[in-house]
Amino acid sequence: MTADVWIPFDPADVPGLPASLGYRFWDGGPDFPADPADCAFYVVPYMKPSETAIRPLTAMTGLRVVQTLTAGIDHVQPGIGLLPPGVRLCNARGVHEASTAELTLALVLASLRGIPGFVQGQERQEWRAGFYPALADKSVLIVGYGSIGAAIEDRLAPFECARVARVARSWRTTGRGEVHALTDLPALLPEADVVIVSTPLTEQTSGLVDAEFLARLKDGALLVNVSRGPVVDTKALLAALESGRIHAALDVTDPEPLPKGHPLWHAPNVLISPHVGGSSSAFLPRAKRLLAAQLTRFVAEEPLANVVLTMDQ
């Protein structure tokens with residue numbers, strides 16, 4: 001097989017790539033590395049704006065596969081209509097679970113145990129002793145129980161939570177127990193001490209965490225968002241935070257990046273990290289293994305992993 005692969009890494013740094021393919025390095029720069037019409041397999045640059053990700057698609061007339069390096073596909077969604085018939089869109093399931101779940105637990109523990117206040121106290125040389133909430137004996141609700149949600153529960157297991165409830169788009173059972181349908185969410189929210197949002201961004205989940213959602217949370221509940229910023233209604237969240245009724249830990253925001261002067265920066269009881277759930281030392285080795293495996297399957301004309309959409313013929 002002779003085909004161009006656009007890849008956002010130096011091919012020499014990715015072990016196991018099939019030698020029969022032609023590799024073109026492109027990480028979203030202004031100039032394309034070759035004629036986009038010759039590209040058969042497009043690896044979308046990581047953490048680049050949507051307009052960058054979809055820019056070459058109109059000219060990729062020979063395209064057969066689009067491979068994202070993210071779990072979500074919302075950044076390429078505006079370009080899906082530009083894809084030729086038969087093109088397969090694949091996500092990066094298996095790349096981000098460990099890192100995102102790790103950060104989720106860090107945000108939960110830091111928020112409950114008062115770590116941001118301790119940092120402020122250290123800067124001011126203040127000894128802020130006292131009793132702080134523990135994760136032990138808390139009821140946790142995971143909203144979005146895909147591979148990342150399951151990885152989060154894996155890491156919750158040693159913390160002696162009173163209960164872990166799970167919600168996904170539709171009802172199912174797992175080895176750990178029942179996964180509730182999204183329609184059960186209103187009844188589950190008032191029971192949760194910690195609500196972790198790890199859903200993909202879709203039409204169904206955009207604005208899911210709205211004023212009504214937040215009103216159902218018990219006083220003192222902690223909301224953790226490691227999905228996408230628009231899943232949460234920022235205005236409604238600000239009102240809930242400013243009332244002092246709930247706490248939040250956010251790895252994603254809407255807008256993003258959060259601009260200087262935005263009221264979320266200084267809202268009470270909120271901890272913000274700059275969308276680094278997947279951006280850790282775990283990313284590169286896992287991403288490179290995924291690409292080598294996918295391209296090996298591509299050359300052998302075997303079924304690809306992580307296919308989330310195939311364009312209609």
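# A tour of the chain, starting at a salt bridge

Select arginine 163 and glutamate 191: their side chains meet in a salt bridge, 2.4 Å from N to O. This pair links distant parts of the chain, with arginine 163 in strand β7 (residues 163-168) and glutamate 191 in the loop between α5 (185-188) and β10 (194-197), 28 residues apart. Arginine 163 counts as partly exposed because its relative accessibility is 32%. Glutamate 191 is partly exposed too, with a relative accessible area of 40%. Keep in mind throughout that the model on screen is predicted.

**The whole chain**

Zoom out and colour by secondary structure. The chain has eight helices and 14 strands. Along its principal axes, the C-alpha trace spans about 65 × 45 × 35 Å. How does the radius of gyration of the chain agree with that of a compact globule? For 313 residues such a globule would have a radius near 20 Å, and the chain has 21 Å, so the two agree.

Next, colour by accessibility. Of the 313 residues, 49% are buried. Switch on the surface, and about 14,900 Å² is exposed, with carbon and sulfur atoms supplying 54% of it. If contacts with a separation of 6 or more are drawn, residues 24 or more positions apart account for 62% of them.

**Charges**

Select the charged side chains. There are 26 positive and 33 negative ones, and the centres of the two sets lie 4 Å apart. Side chains of opposite charge can pair when their charged atoms come close. How many salt bridges does a search of the whole structure find? The search finds eleven, and the pair that opened this tour is a salt bridge.

**Aspartate 27 and lysine 48**

Go to aspartate 27 and show lysine 48 with it. The two form a salt bridge in which the closest N and O atoms are 3.5 Å apart. Aspartate 27 lies in the loop between β2 (22-25) and β3 (39-43), and lysine 48 in the loop between β3 and α1 (50-54), so the pair ties together parts that are 21 residues apart in sequence. Are these residues buried or partly exposed? Aspartate 27 has 29% relative accessibility and therefore counts as partly exposed. Lysine 48 also has 29%, and so counts as partly exposed.

**Aspartate 154 and arginine 176**

Now select aspartate 154 and arginine 176. They form a salt bridge, with the closest N and O atoms 2.6 Å apart. Here too the pair links distant parts of the chain: aspartate 154 is in helix α4 (residues 147-156), arginine 176 is in the loop between β8 (172-174) and β9 (177-181), and 22 residues separate them. Aspartate 154 counts as partly exposed, because its relative accessibility is 41%. For arginine 176 the value is 41%, so this residue counts as partly exposed as well.

Add Glu153 and Arg166 to the selection. Salt bridges that share partners join Glu153, Asp154, Arg166 and Arg176 into one network.

**Helix α4**

Stay on α4 and show its other side chains. Which residues of α4 are buried? They are Ile148, Gly149, Ala151, Ile152, Glu153 and Leu156. Glu153 thus appears in this buried set and in the salt-bridge network. To see what covers the buried residues of α4, show the elements around them, which include α2 (97-113), β6, β7 and β10.

**Backbone points to check**

Hide the side chains and show the backbone. Most residues other than glycine have a negative phi, and most peptide bonds are trans.

Go to the loop between β12 (247-250) and β13 (270-272), where proline 255 has its place. The peptide bond from aspartate 254 to proline 255 is cis, with omega near 10°. Proline 257 lies in the loop between β12 and β13, and the peptide bond leading to it from glutamate 256 is cis, with omega near -5°.

Move along to asparagine 269, found in the loop between β12 and β13. Asparagine 269 is not a glycine, yet has a positive phi of about 60°. Its relative accessible area is 35%, so asparagine 269 is partly exposed.

The last stop is glutamine 125, in the loop between α3 (115-124) and β6 (139-143). Phi of glutamine 125 is near 60°, a positive value in a residue other than glycine. Is glutamine 125 buried or exposed? Glutamine 125 counts as exposed, because its relative accessibility is 76%.

Conventions:
Residues numbered from 1 in each chain as written. Predicted model: local features only at pLDDT ≥ 70, side-chain atom pairs only at ≥ 80, totals over all residues. Heavy atoms only, no water. Helix = DSSP H or I, 4+ residues; strand = E, 2+ residues; numbered from the N terminus. Rg over C-alpha atoms; globule rule 2.2 N^0.38 Å. Buried < 20%, exposed > 50% of the residue type's maximum accessible area, 1.4 Å probe, protein only. Contact = heavy atoms within 4.5 Å. Areas by Shrake-Rupley, 256 points an atom, 1.4 Å probe, with all protein chains shown as cover. Lys, Arg positive; Asp, Glu negative; His and termini not counted. Charge placed at Lys NZ, Arg CZ, Asp CG, Glu CD. Salt bridge = Lys/Arg side-chain N within 4 Å of Asp/Glu carboxyl O.
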